[in-house]
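Trainee: Before we start, could you put the model on screen? I would like to go through its pockets, surface and charged pairs.

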Amino acid sequence: MSDTSPTLLHLNRPTKVGREAEYIAEVVANEDLGEYSKYLLKCETFLKDMMGCAHPLLVSSCTHALEIAAMLLDIKPGDEVIMPSFTFVSTGNAFALRGATLVFIDVRRDTLCMDETLLEAAITPKTRAIVPVHYAGIACAMDEIMAIARNHNIPVIEDAAHSIFASYKGRALGTMGAMGTLSFDIMKNICAGGQGGALVVNDAQYLARAEIMINKGTNRLAFQRGEESQYEWKDIGSFYAMSALNAAYLYANMEEAETIQSHRMMLWNNYHRAFKWLADAGHITLPFVPEACEHNAHIYFIRVKDRTQRDAFIAFMREQNVTVAFHFVPLHVSAGGKQYGGAGSALDVTVEAADTLVRLPVFYGFSLEEQRYVLEAVLRFWA
Ligand SMILES: *Cc1c(COP(=O)(O)O)cnc(C)c1O
């Protein structure tokens, strides 16, 4: 390739490994569209085996999984929920929907995950949930967070949207808190053909009610299993179940998980090796993976000097026909975050991360040749 890529290189593309259309066609041909559809069951079994969890409930998105978690905890107006500001909107929105006040604490400079040393001070008598987010599939310090939560008897909901296939001390992310939430949207490592997610219920006391909330507040599943004599309204809820067609797409991805993950890990490691000297020279900061964590190559990012350099770098890459992006507008500076929450600590690291972080393309189907082009373009910026 020349100095300018002939085609625009994307930051991400939905994972597509081959059999998605075949499985969807099979579901359609068999009219296998109900809640016990073959691929829904296969996806559930895959998650149980891979994560070592008993109750992964397939839902329509991680956003919905977080909303269900908030309902299960009976979050009410006046309750406080502690979370990082450095996260996606849905982490906050799910609890704001129930009237909670969001309490934003800072992230660690090394991992960009919730800073566990700030947690204790943010807890008040009104705290009803703690929501760590495993940024880029690199785990929060879960032993410390869980110990503090246990001392105060506060449930932990892990936002593991980034984190399928990632682990902490051998435990899958999303399996340590009372509940964990997974995403299979088009930006994540495996995809349910548009949108999809899972609510991983680890504390079994929430299970029966979760099933009802996912199925429009009814006892539909218990009735179908013959456990209840009539089908009726039981509780609040909505229609949060994953569709059979989405599950067919998702299972085609799950089946090829090793292929997908080895490709992503290769891309991640290539960036990491190629940029080491830039980091050693003090130009950029690279991702840090603590000893306890096995990450999943969900995101590769670099952190540059400041916001001015970030914008210049993004514009430079755009001129070379490469899409790169910053991540995220922190919740506490966004209009929604200001309305529904406030600072529970200083948020300097969050602001700095949002100003300086740039994501580079990582996806299944991103070729080594394309990556080499991106690597050379990045190096040209600092040449
Ligand atoms: C993607 C994402 C979500 C939402 O996932 P959806 O499946 O798109 O609803 C929630 N939290 C974080 C941190 C995310 O990155």
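The questions below deal with pockets, a surface patch and salt bridges.

Mentor: This is a predicted model, in which local features need pLDDT of at least 70 and side-chain atom pairs count only at pLDDT 80 or more, while totals for chains, interfaces and linings use all residues. Residues are numbered from 1 along each chain as its sequence is written, and side-chain values use heavy atoms, with hydrogens and water left out.

Trainee: Which element supplies the largest share of the lining of the largest pocket?

Mentor: A pocket is an open set of points on a 1 Å grid over the protein atoms alone where a 1.4 Å probe fits, with protein on both sides within 12 Å along at least five of seven lines; lining residues have an atom within 4 Å of a point. The largest pocket has 26 lining residues, and Glu 35, Glu 44, Leu 58, Asn 215 and Leu 221 lie nearest its centre. At least two lining residues each come from helix 2 (38–51), strand 1 (56–59), helix 7 (207–214) and helix 8 (220–224), where helices (H or I, at least four residues) and strands (E, at least two) are DSSP runs numbered from the N terminus. The largest share, 4 residues, comes from helix 2.

Trainee: How many residues of each class line the second largest pocket?

Mentor: Of its 22 lining residues, the closest to the centre are Phe 88, Ala 161, His 162, Asp 185 and Lys 188. Helix 3 (62–72) gives the largest share of this lining, 3 residues. Ala, Val, Leu, Ile, Met, Phe, Trp, Tyr, Cys and Pro count as nonpolar, Asp, Glu, Lys and Arg as charged, and the others, Gly among them, as polar. The lining of the second largest pocket then divides into 7 nonpolar, 11 polar and 4 charged residues.

Trainee: And what are the class counts for the largest pocket?

Mentor: With the classes as above, the lining of the largest pocket has 15 nonpolar, 4 polar and 7 charged residues.

Trainee: Is Val 28 buried, partly exposed or exposed?

Mentor: Val 28 lies in helix 1 (residues 20–29) and makes a nonpolar surface patch of about 260 Å² with Leu 33 and Leu 245. Patches are made of residues with over 30% relative accessible area and no salt bridge, like charges being joined within 9 Å and nonpolar side chains (Val, Leu, Ile, Met, Phe, Trp, Tyr) within 5 Å. Buried means under 20% relative accessible area, exposed over 50%, and partly exposed in between (1.4 Å probe, protein chains only). At 48%, Val 28 is partly exposed.

Trainee: Which residues are linked with Arg 209 in a network of salt bridges?

Mentor: A salt bridge is a side-chain nitrogen of Lys or Arg within 4 Å of a carboxyl oxygen of Asp or Glu. Asp 74 meets Arg 209 at 3.4 Å, N to O, a pair that links distant parts of the chain, 135 residues apart. Asp 235 has its closest N–O distance to Arg 209 at 2.6 Å; Asp 235 lies in the loop between helix 8 and helix 9 (244–255) and Arg 209 in helix 7, so this pair ties together parts 26 residues apart in sequence. The residues in the network with Arg 209 are Asp 74 and Asp 235.

Trainee: How many residues apart are Asp 280 and Lys 276?

Mentor: Their side chains meet in a salt bridge at 2.8 Å, N to O. Asp 280 counts as exposed at 59% relative accessibility, and Lys 276 as partly exposed at 48%. Both lie in helix 11 (residues 276–280), about one turn of the helix from each other, and the separation is 4 residues.

Conventions
Accessible areas come from the Shrake-Rupley method with a 1.4 Å probe; for residues, only the protein chains shown count as cover.
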